[in-house]
Every structure is written in C-alpha cells, then in structure tokens.
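This briefing describes the strands, cores and helix packing of one protein chain. Please keep the sequence and the structure open while reading it.

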Amino acid sequence: MEKYYTAEKHTQLLIALLKFHQIKKFVISPGATNVCLVGSLQQDPYFELYSSVDERSAAYIACGLARESGEPVGLSCTGATASRNYVPGLTEAFYSNLPVLAVTSTQRLGRVGQLVPQVIDRTNLMNDIAKKSVQIDVVDSPEDEWAAQVAINDALLELRRHGGGPVHINLVTTYSPDFSVRELPQVKGIRRYFVNDEMPALDGKKILIDVGAHVRWSERLTNAVDAFCEKYNAAVICEHISNYRGKYGVYPSLFVNQESIESPLLEPDIMIHLGTVLGFGGATGVKMKEVWRVHPDGEVRDTFKKLTNVFEMQEAEFFESYCTMKEDSASDTCYCTEFQRVCRELEKKVPELPFSNPWLAQNTVKRLPAGCELHLGILNTLRSWSLFEIAHEKMIEIHSNTGGFGIDGMVSTLLGSSLASPNKLFFGVIGDLAFFYDMNALGNRHVGNNIRLMVVNNGRGTEFRNYNHPAARFGESADAYMAAYGHYGKKSHDLVRHYAEDLGFEYMSAETKEEYLDRIDDFLNTEQREHPVLFEVFTDSENERDALYTLYHIEISAKAAAKIAVKSVLGEKGVATLKKIMGK
C-alpha cells in the first residue's frame, strides 16, 4: 500500500512551510511520536534525510551539516527523554550561530504532568539552547490553522536571523495511521527582509499604509512617507493615535464603520502596517490581499492574518529605499485625494446627535488649540473621538494606553507626559469607571497647571450598554455586573467636585449641550491658569448607545438593509438557523 503525507493537518503545515523556507536536510532518530512527521518526510523526494539512533550524536551531526553546507538542518525525535539528549548539540549551535531546527514530537500537551508514560514538559528551555521555542498543537479550526502557520513561520525565520542559531518546535501528534494525503495544503509563507536586501516589487500595486499607535514622528519619516505616497499613489489610513501629520493621511473610522460598507477604496493589493496596537477605525473593513509589516524589531505580528513580509529596519529606511527605486516617476495622488474626499463628505452628513461622548467629540475636535497633546481613555472615549478628524495642521499629538488596552492608568499617563513638557497643554478625556480607577493620580504633588481633564460620567461602563456589544442582549440586567452600574456615588454631582477642589483643581461641569457649549471654550483656553482643571460632563448611557448607532448607520447598503430586515423578523436564533441551512 502506497504511503503519502499524514492526515495530521498541523504536521502537513509544518512540512509545507519547511519547503517554503527551503529547509530540506533532516537528521532523524527513531520513535513513535514522530512517525507521522517522519513517515511524511521520507516519501517526499524534496527532503534529504539522515538517520541517527543517538539523539546526542544526531544534534552534533546537524551542527556539522549546518556548518559545512551553510543551510538550516532539522532534527526529529520522539517523546520521553529523547529531546534531553539534544541539549549539548543545541548549546554548540547556539554559541556557534548554527541554524539547527529541533522538532521534538510529543503527545497531547494536556497530558504533561499527569504521569502519562513518555510525556515530559518542554515548555521551559535553557536560555542558551534555542533562540525561539514554539508549541504546535492539533488544528481543529481556521483560527488554529492560522495560529499554527504564524508560529511555524516565526520559528523558521529565526533560524537565519541575526547571524543564525537553533530553534525548537514542539510538535503534538495524534498518532494518526492515515497517510493518504497526496498533496500538501496551500500555506502562507512569511519572509523577512533587512536593510541591504533586495526588496520585493511594488510597481502596479494598489497600496494603503495603515498606522496603529505610534510615537512622535520625525521630520525624516514624515517626509519619506509623503514622498512614497506621491511616487506610489498610496494613502495613509490613520487613527488619532497614529500621530501621522503629513499630507496624505485619511481618517476613515466613520467611513469604515458604516453598516456593511463596500468600496474599492478599501481593497488594496498591499497594506503596509506601521506602529503598534490599533485603537478603533483604521483598517476595519479593509480587504487587503497581503500585509507588509515594517518595524525595527522585525518581529512577526500578523494582526490582520494576511502577513507575507516583515521588514526589520527603521521605517524611514523602508520608505526611502522604495522612493529611490522610482526617483524619476511623476507624482500621482488620486487614490488618497478620493479617499479623503469620501471620508470628509460622510462626516458632513452626520445628523444631530444626542448629548453623549460622540457629541462631545464632534463639538470639541475643531476647537482644540494647536500644539497641545490629547490623551484618550479606552474604550468608548477612544472610539467616539476617533470618528471625527482633527486637522493635521494643528500638530496635536494624541495618545491612548492601547498597549495593554486596560482602563487603568490613563490619568497617571497624562500626568507623566505633562511633567516632561511643563510648557505644553495636556488635555485628557476619560470615562467615569476609568477615572475612578486612577483618580489617586490627581493627588500627586507634582500635578501641574498644564493639565485639563474631562471626565465623561454616565455612571457605568457604558461600553457594555452599546447596541453592538455582546452584553447588550442582557438589556438593563447588564448593569449589575457587566457594566458595573451604581458605584462611585451613582453620578453624584458632588463627589468628583469635592475631590478635585480639595486637591487644588479648578472644577467645572455640564449636563446639557447648552451648558457644555457655554463652558468648553473656557476649558480649552490656552492662557496660563493658576490651577489644573477638571471638567465633569454628565451623560446617559441610552444617549451614548443611540449616538453610536446613528453614526454607524449614516449610510446603509441594500445588502445591509436586507440583513437588518431579516434579523428583525427571525431574531438572532432564527438567523443562526438560516445560516446553518445555507451552509454559511
């Protein structure tokens, strides 16, 4: 009976990616848990296999093969203590920068520590036997398949990175007896490029640059990105926390969050990904074919599940390199111009909103003084303020704690930033739960008079009462625990005022549109004040919910309208049943 590849999907993915990364030499030691891998490798003529009964010897054989050939060399062993014998050889590989890949096969990871024969814990390695170690478990879903491919790519790329070195993959097996798979699956290989490498071509590609949270841009980087956009007809899709202030920024949060939006503007061939964690808006709804990640750390970050290339270099170096390739090309910016026009036209269509965080943003962003710094709390505040463009000419730097994306620490971060630049105005906008979580920062004796803090107090985590949140299906009962209603004085009009004034803050408040508009210019006044300022604004979660719904439904496609109609008739359970019947 003919044998082909194992039916284990995760093992197939590993083999396919070994071929993508041109790793063909393997030194194999006998065992049971690696039968699915070895049985598949030995039927594929691509691979060059060697046998070694002693794993200690096998690791040193791999060192010699790697040193002499200049190629990565794989190792395969079974469970029990087999992998422990790799330690001396992998230590040699580590200090000699030899690209040796140790694939240690194992039983199901849940069996570790349960006194199952031949199952040991390989999750914690010695510091100097592998540059990277990953665990590859059984694939049971598309999410599993994506995660396995990312981890395998990450590991295999590390073999040649920064001079090379050993890498460890712990591969689970199900002992499948099925070797009937004739073709390996299509896989998504990821490549890494360095400064002096030959770069992949971009000619003829439709390009978007997406920027997540980003520190202050240098003039060099801004100029490089602007020049790139002109030469490649690209646009930069931003959030406020992207902090790009060049000529080709597009702020599409309102546009991309329209119900079932479909537009060729959102269908680039390549999206170049800069920065760190995204907030809201940005790349939502973008149907890119592939993603290129540019960052000095060179790490594999597959945020959009479309990563194909990682560029380990300074961002300015990347864009300058591509500009050099097209030094004599004519400027073309029609893509960005059209994208900006569509987004700005949509913002003009925003109807009257109820008194809410989005309404505050709409009526404040154009009033912000030039050169100030704005800090936004998560989640509802960051989302609300991201829906309205802030003129890039004002050079306002904007930040939010999206790294950990927790509610804690925004007031403290605002304080820390204000201490570093005492002559600059710092504005903060934060919800009530996040404020009370970090309010002790206001008692710090270093608080300066350059702080202006707005607290949007709706008495709960209004995020959990928004129409599109999973907790919304619980209605008012979500208040008890999910939205944490009723803490901190239940929207007391005295609690925050007393606390702020007793700490030396100037306090102001508003609970209607008229009151807010009457006081906002005073809050934003750039004249030096004797005290820091706290502006408490009282809103209602129902208005917050209605405002968000209104903003996300300014334009509804026919397809989306049909979906809404079906859902209103069938309900969520009926829609789920219909999807099962239709196989979707």
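How many of the residues of strand β13 (residues 307–312) are buried? In this predicted model, 6 of the 6 residues of β13 are buried, and the strand is described as mostly covered. The points below begin with the sheet that contains β13 and then turn to the packing around it, a second group of strands, and one buried threonine.

**The seven-stranded sheet**

- The sheet is open and has 7 strands, which follow the order β7-β13-β12-β11-β8-β9-β10 with parallel pairing.
- The edges are occupied by β7 and β10 (249–250); each has a single partner strand, so one side of each lacks a neighbour in the sheet.
- Strand β7 (residues 191–193) is joined to β13 in the parallel sense by 3 bridges, and here Arg 192 stands opposite Val 310 of β13.
- Strand β12 (residues 290–295) also pairs with β13 in the parallel sense, over 5 bridges; in this pairing Val 294 stands opposite Phe 311 of β13.
- Further along the order, strand β8 (residues 207–211) and strand β9 (residues 235–237) form a parallel pair with 3 bridges, and Asp 210 stands opposite Ile 237 of β9.

**Nonpolar cores**

- The largest nonpolar core has 99 residues, and the members that touch the most others are Ile 209, Phe 228, Ile 272, Phe 319, Phe 339, Leu 374 and Tyr 516.
- Beyond its neighbours within four places in sequence, Phe 319 is in contact with Ile 209, Leu 221, Ala 224, Val 225, Phe 228, Ile 272 and Leu 274.
- A second core, separate from the largest, comprises 29 residues, including Tyr 5, Ile 28, Leu 41 and Leu 184.

**Packing of helices α6 and α8**

- The axes of helix α6 (residues 219–232) and helix α8 (residues 315–325) come within 9 Å and cross at roughly 35°.
- The crossing of α6 past α8 is left-handed.
- On the α6 side, the residues that make the contact include Leu 221, Ala 224, Val 225 and Phe 228, while those on the α8 side include Glu 315, Phe 319, Tyr 322 and Met 325.

**Strands β1, β2 and β3**

- Strand β1 (residues 25–28) is covered on both faces: Lys 25 and Val 27 are buried on one side, and Phe 26 and Ile 28 are buried on the other.
- β1 pairs with strand β2 (residues 48–51) in the parallel sense over 4 bridges, and Tyr 50 of β2 is the bridge partner of Val 27.
- Between β1 and β2 the chain passes through helix α2 (residues 35–41), and this β-α-β crossover is right-handed.
- β1 also runs parallel to strand β3 (residues 73–77), to which it is joined by 4 bridges; Ser 76 of β3 is the bridge partner of Ile 28.
- Ile 28 is thus a residue of β1 that is buried and also one of the members of the second core.

**Thr 106**

- Thr 106 belongs to strand β4 (residues 100–106).
- Why does Thr 106 count as buried? Its relative accessibility is 4%, and the cut-off for a buried residue is under 20%.
- With neighbours within four places in sequence left aside, Thr 106 is in contact with Thr 33, Arg 122, Asn 170, Leu 171, Val 172 and Thr 173.

Note on methods: Residues numbered from 1 in each chain as written. Predicted model: local features only at pLDDT ≥ 70, side-chain atom pairs only at ≥ 80, totals over all residues. Heavy atoms only, no water. Core = buried A, V, L, I, M, F, W, Y, C linked by side-chain atoms within 4.5 Å. Buried < 20%, exposed > 50% of the residue type's maximum accessible area, 1.4 Å probe, protein only. Contact = heavy atoms within 4.5 Å. Helix = DSSP H or I, 4+ residues; strand = E, 2+ residues; numbered from the N terminus. Pairing = 2+ DSSP bridges. Right-handed = clockwise from strand over helix to strand, strands pointing away. Axes fitted to C-alpha atoms, helices over the stretch in contact; angles between N-to-C directions. Left-handed = near helix turned anticlockwise from the far one by under 90°.
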